[in-house]
There are 2 protein chains.
Amino acid sequence: MKVINVGLLGLGTVGTGVVKIIEDHQDQLMHQVGCPVSVKKVLVKDIHKDRDVNLPKEALTTEPYDVIHDPEIDVIIEVIGGIEQTRVYLLDALKEKKHVVTANKDLMALYGSELISTATENSCDLYYEASVAGGIPILRTLVEGLSSDRITKMMGIVNGTTNFILTKMNKEKAAYDEVLKEAQDLGFAESDPTADVEGLDAARKMAILARLGFSMNVDLDDVSVKGISSISDEDIAFSTRLGYTMKLIGIAHRHGNKAEVSVQPTLLPDHHPLASVNDEFNAVYVYGEAVGETMFYGPGAGSLPTATAVVSDLVAVMKNMRLGVNGKSAVAPQFEKKMKDPGEIYAQQFLRIHVRDQVGSFSKITSVFSERGVSFEKILQLPIKDHDDLAEIVIVTHQASEEDFSVILGQLNDLEVVVQVKSTYRVEGNGYS
Amino acid sequence: MKVINVGLLGLGTVGTGVVKIIEDHQDQLMHQVGCPVSVKKVLVKDIHKDRDVNLPKEALTTEPYDVIHDPEIDVIIEVIGGIEQTRVYLLDALKEKKHVVTANKDLMALYGSELISTATENSCDLYYEASVAGGIPILRTLVEGLSSDRITKMMGIVNGTTNFILTKMNKEKAAYDEVLKEAQDLGFAESDPTADVEGLDAARKMAILARLGFSMNVDLDDVSVKGISSISDEDIAFSTRLGYTMKLIGIAHRHGNKAEVSVQPTLLPDHHPLASVNDEFNAVYVYGEAVGETMFYGPGAGSLPTATAVVSDLVAVMKNMRLGVNGKSAVAPQFEKKMKDPGEIYAQQFLRIHVRDQVGSFSKITSVFSERGVSFEKILQLPIKDHDDLAEIVIVTHQASEEDFSVILGQLNDLEVVVQVKSTYRVEGNGYS
């Protein structure tokens, strides 16, 4: 019985988890695949570092091509991260007819199409379930479980760090800076949190989801991104008051043959399934024309959850090897990419505005909206503490196009009665299409 | 380009949905599979009935073997329901080397092992995603997405009718009979609701889930079942007061190599992911040793959601046909079936007891528990309106074995101070193992 040999690039958090699962679940893997699997060689930075796994010293190497060029290795698992250099490693591995499993969202968001087509040309598998939403098998669900449906909308909480921060801000009414620091202390946020809190990490995952869900080559550049760092505790307080929960939501929406993809702080009605996804958990809400509303929930990161996705991909590769059908499962995009213009992207909007408390203020503001044909779902006006001359107006509009909304914002800022538009957020989840 | 021909057994709610999806998503199916798919023959009860789909009259037949024996048909889709007769149809179809897709949970719960092995012997596929939780691709998730993990616990809201009823009872404090009638009027419950409300439908689905999730041949007889028809509005009121939500939960739990599977009304802490699954929606919560907590949510029934699962299975069959690997994906159970004894099944329990309000009542009751080593998490004692001589005691125990609990119940009923043990419910979701 031939052993299937795995080469591992990286032995950090996820890599360690991969070695552990392969070791601990060896019987189960062998039962499913019919032959044993062994981690033959591992690329590490430091051979002499103490590690939490049982690997013989001679399995470790600091030279990537010791792994990639090893003729006995069948599958390369990439968990080192990085983009440009890692792309070269994986292209070289595929050209050497090695199957690839990767957890690298940055790489797949930027070079996914190139890697997938190189894999197909070389009759190799390329699986990347772990790149989006860690332990949730969402890519498989889109490609297989919902393969017969036409997916029109996906909304994802796909970044655990920002969800942890926003959960704390929602529940404890704590300020952003304070909660970010706590998240850093707990290891949920990195010392440079930019990629997480500015939405870039989520954007990469949404590009991957949109590509698969809509079967078109959505690029990272097609995703508009806004992070959570400017959310104030007042924003949270007012949104709570109106029955909303603030989340960083990746939205991919398709109408006809045109798509929009964005990541932005979004207000969801409290009863929406995504509104109760808390702490560092991830979830992806998928709306299909036939199936309707579905949601997939689980851990978005962490050593063992992410490693579960990686090793489940490895099982798929090994099953394909047994059947001799590697490199056959990728389906090329069915549709040419067409992204919507700002005039075609519709959403409800939440605005918080400080205005001068004088006769006619309110009517001046509302006329700016009505001139662009935008009406209101909710309005709240309150005095502002310690500012007798000012009032706080909170508005939730009905659907408005981004184009109209941007004109409205410009005109509001030009109004003499408007002191400042303090914040605006997209509102989602009141209806589906 | 060869057309793949489908024979459909049944053209009711789900069958109609299948025909619609195949028609409406023809381009998409063809893009994925590389050839067109056509519904060639359909078994119906009445050829002349008006129908909501475009099928030529000559495609319809009332003779099952016109479909099963048609040499041009590659795949049989079974959506007629029924057990004994349908089993014979599908065994005959498999022996004729036709692949089978079925939505029939009753059949798969009772004769799943026989059908799967007949399929494998004949190099045929047998897929049955639609049999559990309609539009949620949970079987695929267990077999593929989480294939590398060791699943130790599954909890499912897998019956939409009872979830609809309990949601109404929880939210509107309405009585069971009243809500059942409303569900029947709305078409969410059948005129004979027994299979749903007594938990049998959920038990069939849990047997299928346990078989796949634990890789052992769990039978329907192994599932202990209790329905929702005896839940009172007082039970709901007291459980709400203690921070729980009442749900009909299928629980499959594995410790070491032994399993327990049950369906019973269960109290979940309000913050548990399953507690907010409302109305007719289904959800399956899966705990894996490595991945931790995951949950999969969606519609559990309905024409198009269920048909989505059926046609996605059809896509899998067609992809296998293209690659020539049909009949290779089923994995035989890895473990011999071992079910726990009542002394090995542990759970927290909720009890509601009417006692005589006299000195020493409470201590007599608590000593019954302490003699079996069972301690309390929560206790509530209240007067009973219009019964000055009685008191209501509500207890939530810590973990107790079913064996101990049954002895305790017997002894409580023998106590002179106990008027009646009004109800008991399992409490779940406070911790995971």
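**Entry 1. Helix α11 of chain A**

I looked up what follows α11(A) and found A:Gly243, whose phi is positive, near 90°. The model I am reading is predicted. Helix α11 of chain A spans residues 233-241, and I listed its buried residues as A:Asp235, A:Ile236, A:Phe238 and A:Ser239.

**Entry 2. Positive phi outside glycine**

I then turned to backbone angles. Most residues other than glycine have a negative phi. I noted A:Ala133, a residue other than glycine, with a positive phi near 55°. A:Ala133 sits in the loop that runs between β6 (126-127) and α6 (138-145) of chain A. Is A:Ala133 buried or exposed? Its relative accessibility is 0%, so I recorded A:Ala133 as buried.

In chain B I noted B:Asp279, which is not a glycine and yet has a positive phi of about 55°. The loop between β10 (258-269) and β11 (281-288) of chain B holds B:Asp279. B:Asp279 counts as partly exposed because its relative accessibility is 35%.

I followed B:Asp279 to one of its contacts, B:Thr167. Setting aside neighbours within four places in sequence, B:Thr167 is in contact with B:Lys247, B:Asn278 and B:Asp279. B:Thr167 belongs to helix α7 (residues 160-172) of chain B, and with a relative accessible area of 2% B:Thr167 is buried.

**Entry 3. Helix α5 of chain A and its partners**

I looked up A:Ser113, which lies in helix α5 (residues 105-121) of chain A. A:Ser113 has a relative accessibility of 32% and therefore counts as partly exposed. Which residues does A:Ser113 touch, not counting those up to four places away in sequence? I found A:Arg211 and A:Asn217. I also took the C-alpha to C-alpha distance from A:Ser113 to A:Ala332: the two are 9.0 Å apart in space and 219 residues apart in sequence.

Helix α5 of chain A also carries A:Asp106. A:Asp106 forms a salt bridge with A:Arg204, and I read 3.3 Å between the closest N and O atoms. The pair links distant parts of the chain, since A:Arg204 is in helix α10 (residues 200-214) of chain A, 98 residues from A:Asp106. I checked the accessibility of each partner: A:Asp106 is buried at 18%, and A:Arg204 is buried at 13%.

**Entry 4. Further salt bridges**

How many salt bridges does the structure hold over all chains? I recorded 52. Side chains of opposite charge can pair when their charged atoms come close.

In chain A, I looked up A:Asp185 and A:Lys181, a salt bridge with 3.0 Å between the closest N and O atoms. A:Asp185 and A:Lys181 are four residues apart in helix α8 of chain A, so about one helical turn separates them. A:Asp185 is exposed, with 57% relative accessibility.

In chain B, the salt bridge of B:Asp185 with B:Lys181 has its closest N and O atoms 3.0 Å apart. The two lie four residues apart in helix α8 (residues 176-186) of chain B, which means that about one helical turn separates them. B:Asp185 is exposed, at a relative accessible area of 57%. I also noted one network in which salt bridges with shared partners join A:Lys153, A:Glu260, A:Lys340, A:Arg426 and A:Glu428.

**Entry 5. Interface of chains A and B**

I examined how the two chains meet. Contacts involve 48 residues of chain B and 48 residues of chain A. Together the chains bury about 4,000 Å², with 57% of that area on carbon and sulfur atoms. B:His31, B:Ser148 and B:Tyr297 supply 15% of the area that chain B buries against chain A, more than any other three residues.

I found zero salt bridges across this interface, but 23 residue pairs in polar contact, both residues at pLDDT 80 or more. On the side of chain B that touches chain A, α2 (26-33), α6 (138-145), β12 (292-299) and α12 (303-323) of chain B each supply at least two residues. The most comes from α12(B), with nine residues. I sorted the residues of this side into 22 nonpolar, 16 polar and 10 charged.

**Entry 6. Annotations from the record**

An unreviewed UniProt entry annotates A:Glu190 as "binding site". I placed A:Glu190 in the loop between α8 (176-185) and α9 (194-197) of chain A. A:Glu190 counts as exposed because its relative accessibility is 55%.

The unreviewed UniProt entry also gives "domain: ACT" for residues 350-426 of chain A. Over this stretch of residues 350-426 I found 31% helix and 49% strand, with the end C-alpha atoms 6 Å apart.

How values were computed: Residues are numbered from 1 along each chain as its sequence is written. Chains are lettered from A and ligands numbered from 1 in the order in which they are written. This is a predicted model: local features need pLDDT of at least 70, side-chain atom pairs count only at pLDDT 80 or more; totals for chains, interfaces and linings use all residues. Side-chain values use heavy atoms; hydrogens and water are left out. UniProt positions are given in the numbering used here, feature names are shortened, and annotations may be inferred rather than shown by experiment. Buried means under 20% relative accessible area, exposed over 50%, partly exposed in between (1.4 Å probe, protein chains only). Contact means heavy atoms within 4.5 Å. Buried area is the accessible area (1.4 Å probe) that two parts lose on being put together, summed over both. A salt bridge is a side-chain nitrogen of Lys or Arg within 4 Å of a carboxyl oxygen of Asp or Glu. A polar contact is a pair of N or O atoms within 3.5 Å; within protein, one must be able to donate a hydrogen and the other to accept it, and residues adjacent in sequence count only if both atoms are side-chain atoms. Ala, Val, Leu, Ile, Met, Phe, Trp, Tyr, Cys and Pro count as nonpolar, Asp, Glu, Lys and Arg as charged, and the others, Gly among them, as polar.
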